[in-house]
Amino acid sequence: MSDVKKIATRESYGNALAELGKLHEEVVVLDADLAGATKTSVFMKAFPERHIDCGIAEGNMMGVAAGLAATGKIPFASTFAMFAAGRAFEQVRNSIGYPKLNVKIGATHAGISVGEDGATHQCNEDIALMRTIPGMTVICPADDVEAKAAVTAAYEHEGPVYMRFGRLAVPVINDKPDYKFELGKGIVLREGKDVTIIATGLPVANCLEAAEKLAADGIDAKVINIHTIKPLDEELVVAAAKETGKVVTVEEHSVIGGLGSAVCDVLSEKAPTKTMKIGINDVFGESGPAAELVKKFGLDADSIYERVKAFV
């Protein structure tokens, strides 16, 4: 996939906000002293009067966002996933989730692909945390096209939304004329009858590559991209499980509480199926080049291929 166009979804977030700002004056962007890294600087340059730097005070930023939403503005509160979901959890839960306020949270630098920033900044727990907040929509886009669509969908949705973006440039896989983003709807990227691979975010492209390697071995893998982890596309998950009889989930997140757990929750109730979860296995990340960490933690195409082959 070396010749495929690559872009980090945090870049897509910044660009999408700037486009949204042109169309809707009620859009306000907040940042916690990380505008350059989260790419909200793109919006800030275009609309300085609608960009608020809250400083290194993430909990306060969520409170400010809640207040703005209460007055009819549509705030996008932006910072690293570790601080948005981790440090500010109580404010997100009590000031945004509980009153069901129309706040959108843009969490960048999620997962181990943050790279050299190391374990303290590699948030592999954010999906789990945000899933537990009643009424919170949780989105984890796979590429540039999907990330931009997610920002628009978040704006159009009434209620709190958590969006997860990455630092590492990832291949653009959704640049097809028939691509359609719909909240709560998964996308079948590849049909197959032997096993279903359900992925979200960064590893989706790698799962497609792994499926090609599996095909060469005579294993026909169905690949599903789940961009909305909550609400989950239960209908698609159950139908795929019944069709192939085996399910593998892949995520750049802890195997506890993320996509894998969401899928297992549904299948255990509606279609008990042999399932394997690929992700971060109850360990902290570590410092190192992003691509090497993706490989070390088993989220590259070759590692996924080996695991799925052994499972099938």
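In helix α9, the residues P203, V204, A205, N206, C207, L208, A210, A211 and L214 are buried. The structure is a predicted model. Helix α9 covers residues 203–216, which amounts to 14 residues. From its first C-alpha to its last, α9 reaches 20 Å, close to the 20 Å expected at 1.5 Å a residue. The helix is followed by G218, whose phi is positive, near 85°.

An open sheet is formed by 5 strands in the order β9-β11-β10-β13-β14, with mixed pairing. Its edge strands are β9 (187–190) and β14 (274–280), each of which pairs on one side only. From one strand to the next, the twist averages 25°. Within this sheet, strand β10 (residues 195–199) and strand β13 (residues 246–254) run parallel and are joined by 4 bridges. A199 has V250 in β13 as its bridge partner.

Side chains of opposite charge can pair when their charged atoms come close. The count of salt bridges in the model comes to 18. One of these is formed by D126 and R164, with the closest N and O atoms 2.9 Å apart. This pair links distant parts of the chain, given that D126 lies in helix α7 (residues 126–131) and R164 in strand β7 (residues 161–164), 38 residues apart. D126 has a relative accessible area of 0% and is therefore buried. R164 likewise counts as buried, at 4% relative accessibility.

Helix α7 also contributes R131, whose side chain meets that of D265 in a salt bridge at 3.2 Å, N to O. Because D265 belongs to helix α11 (residues 259–270) and R131 to helix α7, the pair ties together parts that are 134 residues apart in sequence. D265 counts as partly exposed at 44% relative accessibility, and R131 is partly exposed with a relative accessible area of 21%. For R131, that value is above the 20% under which a residue is classed as buried, so R131 falls in the partly exposed class.

A salt bridge within one helix is formed by K148 and D144, whose closest N and O atoms are 3.5 Å apart. Both residues lie in helix α8 (residues 144–156), 4 residues apart, about one turn of the helix. An α-helix has 3.6 residues a turn, so residues three or four places apart point the same way. K148 counts as partly exposed at 33% relative accessibility, whereas D144 counts as buried at 5%. In addition, R190, K193, E212 and D220 are linked in a network of salt bridges.

A search of the whole structure finds 3 aromatic pairs. Among them, Y13 and F165 form a stacked pair, 4.7 Å centre to centre with 25° between the planes. Y13 lies in helix α1 (residues 9–23) and F165 in the loop between β7 and β8 (170–171), so the pair ties together parts that are 152 residues apart in sequence. Both partners count as buried, Y13 at 0% relative accessibility and F165 at 1%. Another stacked pair is formed by F80 and F83, at 5.9 Å centre to centre and 10° between the planes. F80 is buried, with a relative accessible area of 6%, and F83 is buried, with a relative accessible area of 13%. Aromatic rings also take part in a contact with a charged side chain: R50 lies over the face of F47, at 4.4 Å from the ring centre.

Definitions and conventions: Residues numbered from 1 in each chain as written. Predicted model: local features only at pLDDT ≥ 70, side-chain atom pairs only at ≥ 80, totals over all residues. Heavy atoms only, no water. Helix = DSSP H or I, 4+ residues; strand = E, 2+ residues; numbered from the N terminus. Expected span 1.5 Å × (residues − 1). Buried < 20%, exposed > 50% of the residue type's maximum accessible area, 1.4 Å probe, protein only. Pairing = 2+ DSSP bridges. Axes fitted to C-alpha atoms, helices over the stretch in contact; angles between N-to-C directions. Salt bridge = Lys/Arg side-chain N within 4 Å of Asp/Glu carboxyl O. Phe/Tyr/Trp six-rings, centres within 6.5 Å; stacked < 30°, edge-to-face > 60°. Lys NZ or Arg CZ within 6 Å of the ring centre and 35° of its normal.
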